[in-house]
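Trainee: I would like to test some labels against their cut-offs. Can we go through them one by one?
Mentor: Yes. Here is the model.

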Amino acid sequence: MNDRMTSGSALLDVVLGGGLPRNAIILVMGAPGAGKTIMAQQWVFANATPEQPALYLSTVSEPLEKLLRYGQTLSFFDPAAVGRSVWYEDLGGTLRDQGLQGVLVRVRELIRIRRPAMIVIDSFKAMHPYAGRNGGFRPFLHDLAGMLSAFPATSVWVGEYQEDEIERSPEFAVADAIIALKSVHSAARMSRALQVHKLRGGAFLAGTHSYRLSEDGITVYPRLADPADPRDYELRGERIPSGIQALDEMMEDGYRSGSSTLVAGPTGIGKTVMGLHFAFYAVNHGEHAIIATMQEHPSQLERTASQFGWSMKADNLTLMYRSPVDLNVDQWVYELLDTMETTGARRVLLDSLADLQAAAPDDMRFREYLYSLLHRSSRHGASLMMTYELPDLFGVTRLSDVAASHLSDNVVLLQYRDVTGLMSRTLTVLKTRATDHESRVRDFRIAADGIALVPVSEAPEPLRDFGAGQGARTV
């Protein structure tokens, strides 16, 4: 079953391993409102031609007039194709008056007249009550499947099935492919997930995949969980400045190109400002940078940046602002990767990692997102800086419960210390992968020109190593 046809969604085709199998029976299941009909119509309009038309058969689940009325609100719906390459027929009357045998006769007649390459039955499950109590549905299913197998057509059967019906309903055994659309609830959030339960004779991406419905149809975001890739790829050896000269000196001339950096610290310590240094160094030197923020509204970020002589309106800067309240992490990651590809950006600031973690369905998925994002950024040759807010103001003893510090190439810890009743800020480079670095705790201040390290000779006394110098650990 290597011959495939597009589902109408390029990324859904990726999940399906190349698209829907031709001349097969595909069962699309899900609760009302899951998007089954949208998916079926999107497939129809993406493939139907006058030479290879589609036959869309409604039953008793939804009136044909209603199906067409809502279908016309979708961008892919082509009214000119209706009656030319896409044919709609209502089987509801036949089903009510003549039962399942009447449906078989009518479907056979429509196949002879229309010669379709594609057939949709929506809803297939709605025909079950017309089988009676004598087990008449199985003979009907056998005859229908035999008819469709003898005729070279791809069929999509849509139904409001539940997961436990896969083992009980006979149509699942007949189907060559089973695609489930479902809603996933996490606390107060609701997201949509697609899963391929079966694809006979073909490979597909396992697990659940996020999707969204819009006037453009169904958009699928394949589960981002990159496996280990043993293939070599080029890593440029040059160092790139952090935008803070004294910090570069602590790290032996800055970060390595394509590396990832975690900047962790409590609220108000200067994490975002350090990230802006990193991004605007590239912008001011004619390179493209991306700031992906969930922390501050663009207006707030512009006000912060302007204090240091930077502007968020720079032509070679892309600001990708998303609210963490209703963030679809899968969609966000794909949009970020696409923006990196289209702009050629080599520096990305992610502010903040904690917001991304809160929006993820669970910690395991967040780990997968993070690993895949860092892996793809490195292969893209982009250097990624991530901020992460810590709850402790003083004496930080650990960084992250999700292994962000382990995955990052560089880790910079910012924290406060109390000197004779006054708060001062400190910076410590905890980690630079495969590179030596200065590990002492350094005081810094935020002035009109941004972050500046305080010379050791001017640092308040006593200079004690809070946190990192007293047994700080990462998990």
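Trainee: Buried or exposed: which word applies to Tyr 221 and Tyr 334?
Mentor: This is a predicted model. Tyr 221 and Tyr 334 are both buried in it. Buried means under 20% relative accessible area, so each of the two falls under that value.

Trainee: How many aromatic pairs does the whole structure hold?
Mentor: A search finds 11. Phe 124 and Trp 157 make one of them.

Trainee: Why is the pair of Phe 124 and Trp 157 called stacked?
Mentor: The centres lie 4.0 Å apart, and the limit for a pair is 6.5 Å. The planes differ by 5 degrees. Stacked needs under 30 degrees, therefore the label holds.

Trainee: Where do these two rings sit in the chain?
Mentor: Phe 124 is in the loop between strand S6 (118-122) and helix H5 (137-150). Trp 157 is in strand S7. They are 33 residues apart, and the pair links distant parts of the chain. Both are buried.

Trainee: What makes the pair of Tyr 221 and Tyr 334 tilted?
Mentor: The angle is 40 degrees. Stacked is under 30 and edge-to-face is over 60, so 40 degrees leaves tilted. The centres are 6.1 Å apart, within the 6.5 Å limit.

Trainee: Which elements does that pair link?
Mentor: Tyr 221 belongs to strand S11 and Tyr 334 to helix H10, 113 residues apart.

Trainee: Which residues form a cluster through ring pairs?
Mentor: Phe 124, Phe 137, Phe 140 and Trp 157.

Trainee: Why is Glu 252 called partly exposed?
Mentor: Its relative accessibility is 42%. Buried is under 20% and exposed is over 50%, so Glu 252 counts as partly exposed. It lies in the loop between helix H7 (245-250) and strand S13 (255-256).

Trainee: What makes Glu 252 eligible for a surface patch?
Mentor: A patch residue needs over 30% relative accessible area, and Glu 252 has 42%. Glu 252 gathers with Glu 249, Asp 253 and Asp 436 in a patch of negative charge.

Trainee: How do you know that Asn 23 is exposed?
Mentor: Its relative accessible area is 52%, and the cut-off is over 50%, so exposed is right. Asn 23 also has a positive phi of about 55 degrees, although it is not a glycine.

Trainee: Why point out that sign?
Mentor: Because most residues other than glycine have a negative phi.

Notes:
Residues numbered from 1 in each chain as written. Predicted model: local features only at pLDDT ≥ 70, side-chain atom pairs only at ≥ 80, totals over all residues. Heavy atoms only, no water. Patch = residues over 30% accessible without salt bridge, like charges linked within 9 Å, V, L, I, M, F, W, Y side chains within 5 Å. Areas by Shrake-Rupley, 256 points an atom, 1.4 Å probe, with all protein chains shown as cover. Salt bridge = Lys/Arg side-chain N within 4 Å of Asp/Glu carboxyl O. Lys, Arg positive; Asp, Glu negative; His and termini not counted. Charge placed at Lys NZ, Arg CZ, Asp CG, Glu CD. Helix = DSSP H or I, 4+ residues; strand = E, 2+ residues; numbered from the N terminus. Buried < 20%, exposed > 50% of the residue type's maximum accessible area, 1.4 Å probe, protein only. Phe/Tyr/Trp six-rings, centres within 6.5 Å; stacked < 30°, edge-to-face > 60°.
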